[in-house]
Amino acid sequence: MWVVGPGYYDRDIHPGLFEFLGHSDCDGSIAPDMCACVADELEALLPKAVAMGWEPTGHIEARGGYEAVLRAFIAGCRAAHAANEPLEFN
């Protein structure tokens with residue numbers, strides 16, 4: 001089980017994770033500057049997430065598993081930041 005301890009879901013300590021975990025997965029957007037922060041904080045957690053060894057199912061499995069989906073999301077955040085455009089969800 002992956003437990004997020006005190007401070008991990010705190011806007012002041014981890015603004016990128018706060019944005020990511022509190023954001024709708026089906027609508028809205030993330031501002032370009034926040035995209036960089038989200039990408040940096042998710043990338044720092046990537047080795048731990050991969051080490052968890054979660055078995056993908058459904059849409060996660062269809063897209064290559066958790067590592068592939070997380071890497072794609074990080075890449076999308078970095079591209080949005082580089083283009084100075086929001087990352088849009090729909």
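**Notes on helix packing and charged pairs**

1. Let me start with Glu43, which is partly exposed because its relative accessibility is 40% (buried is under 20%, exposed over 50%, partly exposed in between; 1.4 Å probe, protein chains only). Please keep in mind that this is a predicted model, in which local features need pLDDT of at least 70 and side-chain atom pairs pLDDT 80 or more, while totals for chains, interfaces and linings use all residues. Residues are numbered from 1 along each chain as its sequence is written, and side-chain values use heavy atoms, without hydrogens and water.

2. Three salt bridges are present in the structure (a side-chain nitrogen of Lys or Arg within 4 Å of a carboxyl oxygen of Asp or Glu). One of them joins Arg78 to Asp40, with 2.9 Å from N to O. Arg78 sits in helix 4 (residues 66-82) and Asp40 in helix 2 (residues 32-51), so this pair ties together parts that are 38 residues apart in sequence. Helices here are DSSP runs of H or I with at least four residues, strands are E runs of at least two, and both are numbered from the N terminus.

3. Arg78 has a second partner, since its side chain also meets that of Glu43 in a salt bridge, again at 2.9 Å from N to O. Here too distant parts of the chain are linked, with Arg78 in helix 4 and Glu43 in helix 2, 35 residues apart. Taken together, Asp40, Glu43 and Arg78 form a network of salt bridges. Like Glu43, the other two members are partly exposed: Arg78 has a relative accessibility of 30%, and Asp40 one of 44%.

4. The remaining pair to look at is Glu67 with Arg71, whose side chains meet in a salt bridge at 3.0 Å from N to O. These two residues are four apart in helix 4, so about one helical turn separates them. Both ends are partly exposed, with a relative accessible area of 36% for Glu67 and 46% relative accessibility for Arg71.

5. It is worth viewing the network against the helix pair that carries it. The axes of helix 2 and helix 4 come within 8 Å and cross at roughly 160°, and the two helices are therefore roughly antiparallel (over 145 degrees). Axes are lines fitted to C-alpha atoms over the stretch in contact, with angles from 0 to 180 degrees between N-to-C directions. Among the residues making this contact (heavy atoms within 4.5 Å) are Asp40 and Glu43 of helix 2 and Arg78 of helix 4. Glu67 and Arg71 also take part from helix 4, as do Leu70, Phe73 and Ile74, and helix 2 adds residues including Val38, Leu42 and Leu46.

6. Helix 2 has another neighbour in helix 1 (residues 15-22), whose axis comes within 7 Å of its own and crosses it at roughly 95°. Helix 1 and helix 2 are therefore roughly perpendicular (65 to 115 degrees). On the helix 1 side the contact is made by Pro15, Gly16, Leu17, Glu19 and Phe20. Helix 2 answers with Met34, Cys37, Val38, Glu41, Leu42 and Leu45. Val38 and Leu42 of helix 2 are thus listed here as well as in the contact with helix 4.

7. A last backbone detail that deserves a look is Asn84, where phi is near 55°, a positive value in a residue other than glycine. Asn84 belongs to the loop between helix 4 and strand 2 (87-89). With a relative accessible area of 60%, Asn84 is exposed.

Terms used. Parallel < 35°, antiparallel > 145°, perpendicular 65-115°, else oblique.
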